[in-house]
Amino acid sequence: MSLDRPTFPMVRLRESYDAEQVDRTVDMVLENLALPQPRIGRGDIEGLRFTPVRRGGYDMTAVDDWLDEVVAELDRRTGVQPPPEAPTTPAAPAASVSPSVIVDLDSPRPEQDSELVRLLVQIAVVAVVVALLYVSFA
C-alpha cells in the first residue's frame, strides 16, 4: 500500500463525509502507518465514524474504500488473516469508547458554535446601529 496521501472526490449534492474530519483522520492514519509498530489496528479503523454533510464533503465510497485498504495493510503487517466475509446485515452501533490514537470525530467542534454566536452578535449589533441611525435621522 502506498503511504502517499489519498485524494478523494468532492461531493456537492448528496450526502458525503465531512472533509475536515476525513483529512485529520487520514493524517493520523498515515502518521501511524509510518511508525515501525503502528499504534492503530483493524478495530480502530473499523470503528471510525464521520459526520455526514450535504455540501462540500468527500465521497463516502472513496473514503470507505481507502479505509478498507488501510485495514488490509494493517492485517498484512501484523500477519493477521482477514475475517471471512459475513452476510450483509445492518451494522451494530460502534462502541462508545473511542481509541486513544484516533479522536472522536462525531463530536461537534466548539469553535464552530462560537463562530456562529459571534456572527449572530455582530449582525444584531449592526441591526441596532442601523435602527438607531434611522430613528435619529427620520
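Biologist: Which residues form a nonpolar patch on the surface?

Modeller: A patch joins nonpolar side chains (Val, Leu, Ile, Met, Phe, Trp, Tyr) within 5 Å, taking residues with over 30% relative accessible area and no salt bridge (a side-chain nitrogen of Lys or Arg within 4 Å of a carboxyl oxygen of Asp or Glu). Here Val117, Val121, Val125, Val129, Leu133 and Phe137 make one, with about 580 Å² of accessible area together (Shrake-Rupley, 1.4 Å probe). Keep in mind that this is a predicted model: local features need pLDDT of at least 70, side-chain atom pairs count only at pLDDT 80 or more, and totals for chains, interfaces and linings use all residues. Residues are numbered from 1 along each chain as its sequence is written, and side-chain values use heavy atoms, with hydrogens and water left out.

Biologist: Where is Val125, and why does it count as partly exposed?

Modeller: Buried means under 20% relative accessible area, exposed over 50%, and partly exposed in between (1.4 Å probe, protein chains only). Val125 sits in helix H4, residues 110-137, and counts as partly exposed because its relative accessibility is 48%.

Biologist: What do the buried residues of H1 pack against?

Modeller: Look for contacts, meaning heavy atoms within 4.5 Å. The buried set of H1 includes Val22, Met28 and Leu33, and the buried residues of this helix pack against strand E2 (16-17), helix H2 (42-46), strand E4 (57-58) and helix H3 (60-78).

Biologist: Which residue caps the N-terminal end of H1?

Modeller: Asp18 does, with a side-chain oxygen 3.1 Å from the backbone nitrogen of Glu20.

Biologist: And how much of the chain is buried?

Modeller: Buried residues are 28% of the 138 in the chain.

Key:
Helix = DSSP H or I, 4+ residues; strand = E, 2+ residues; numbered from the N terminus. Polar contact = N/O pair within 3.5 Å; in protein donor to acceptor, adjacent residues only side chain to side chain. Patch = residues over 30% accessible without salt bridge, like charges linked within 9 Å, V, L, I, M, F, W, Y side chains within 5 Å.
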